[in-house]
Amino acid sequence: MDLNLTHTAIEPAFLILSLFFPRITLFGYWFFANYLPPISLPGIVELLLGIFVPRILILIMIAENMGYMNVWFWLHIIALILVYTKGGHYSKKRFRRRNEI
């Protein structure tokens, strides 16, 4: 596993921010910095992934630019699993509590 975090093709700030705020990070880097890591997807597919499942788009960016045997790729996989398995449970519990009152 490649643990060298200083010589990456993608900026470390982008990688860290996209762990916690993927959609905001994608928009911010696209709009303000005008830099997103290059990927081989068509523009419309990239746009749709960025809107609906930004974590998948970021995983594709990391895999194409840095490889899938990179610590950042696996950190983003763990974040994806945690968000998509635990996030729904939290909102269901919160919604259920609100309706009981």
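Visitor: Which residues touch the most other members of the largest nonpolar core?
Guide: This is a predicted model. Its largest nonpolar core holds 19 residues. Two of them touch the most other members: Phe14 and Ile62.

Visitor: Which helix gives the largest share of this core?
Guide: Four helices each supply at least two core residues: α1 (12-20), α2 (22-33), α4 (54-66) and α5 (71-100). The largest share is six residues. That share comes from α4.

Visitor: What does Ile62 touch, not counting residues up to four places away in sequence?
Guide: Ile62 is one of the two core residues with the most contacts to other members. Set aside residues up to four places away in sequence. What remains is Ile10, Leu15, Gly67, Trp72, Phe73 and His76.

Visitor: His76 is on that list. Is His76 buried or exposed?
Guide: His76 is found in helix α5. Its relative accessibility is 4%. Buried means under 20%. His76 therefore counts as buried.

Visitor: Which residues are in contact with His76, leaving aside neighbours within four places in sequence?
Guide: Ile62 touches His76, and the contact appears again from the side of His76. The contacts of His76 also include Leu15, a buried residue of α1. The full set is Leu15, Ser18, Leu19, Ile58, Leu59 and Ile62.

Visitor: Where do the buried residues of α1 sit around the axis?
Guide: The buried residues of α1 are Phe14, Leu15, Ser18 and Leu19. They cover an arc of only 135° around the axis. Such an arc puts them on the same side of α1.

Visitor: Is Met61 buried or exposed?
Guide: Met61 is found in helix α4. Its relative accessibility is 0%. The limit for a buried residue is under 20%, so Met61 counts as buried.

Visitor: Which residues are in contact with Met61, leaving aside neighbours within four places in sequence?
Guide: Phe14 is one of them, and Phe14 is also among the buried residues of α1. Glu46 is another. The full set is Ile10, Phe14, Leu26, Leu36, Pro37, Ile39, Glu46 and Met66.

Visitor: What separates the C-alpha atoms of Ser40 and Met61?
Guide: Ser40 is found in the loop between α2 and α3. At 60% relative accessibility, Ser40 counts as exposed. Ser40 and Met61 are 21 residues apart along the chain. Their C-alpha atoms are separated by 9.0 Å.

Visitor: And what separates the C-alpha atoms of Met61 and Leu41?
Guide: Along the chain, Met61 and Leu41 are 20 residues apart. Between their C-alpha atoms the separation is 9.8 Å.

Visitor: Now the surface. Is Ile44 buried or exposed?
Guide: Ile44 is found in helix α3 (residues 43-52). Its relative accessibility is 54%. Exposed means over 50%, so Ile44 counts as exposed.

Visitor: How much accessible area does the nonpolar patch with Ile44 have?
Guide: Ile44 shares this surface patch with Val45, Leu47, Leu48, Ile51 and Phe52. Together their accessible area is about 580 Å².

Visitor: Which residues are in contact with Tyr68, leaving aside neighbours within four places in sequence?
Guide: Tyr68 is found in the loop between α4 and α5. At 52% relative accessibility, Tyr68 counts as exposed. Its contacts are Ala63, Phe73 and Trp74.

Visitor: How many helices and strands does the protein have?
Guide: From the N terminus on, the elements run α-α-α-α-α. The count is five helices and zero strands.

Visitor: What percentage of the residues is buried?
Guide: The protein has 101 residues. A residue is buried at under 20% relative accessible area. Buried residues make up 29%.

Visitor: What share of the exposed area do carbon and sulfur atoms supply?
Guide: The protein exposes about 7100 Å². The part supplied by carbon and sulfur atoms is 70%.

Conventions
Residues are numbered from 1 along each chain as its sequence is written. This is a predicted model: local features need pLDDT of at least 70, side-chain atom pairs count only at pLDDT 80 or more; totals for chains, interfaces and linings use all residues. Side-chain values use heavy atoms; hydrogens and water are left out. Patches are made of residues with over 30% relative accessible area and no salt bridge: like charges are joined within 9 Å, nonpolar side chains (Val, Leu, Ile, Met, Phe, Trp, Tyr) within 5 Å. Accessible areas come from the Shrake-Rupley method with a 1.4 Å probe; for residues, only the protein chains shown count as cover. A salt bridge is a side-chain nitrogen of Lys or Arg within 4 Å of a carboxyl oxygen of Asp or Glu. Buried means under 20% relative accessible area, exposed over 50%, partly exposed in between (1.4 Å probe, protein chains only). A nonpolar core is a set of buried Ala, Val, Leu, Ile, Met, Phe, Trp, Tyr and Cys residues joined through side-chain atoms within 4.5 Å. Contact means heavy atoms within 4.5 Å. The arc is that of the directions from the helix axis to the C-beta atoms.
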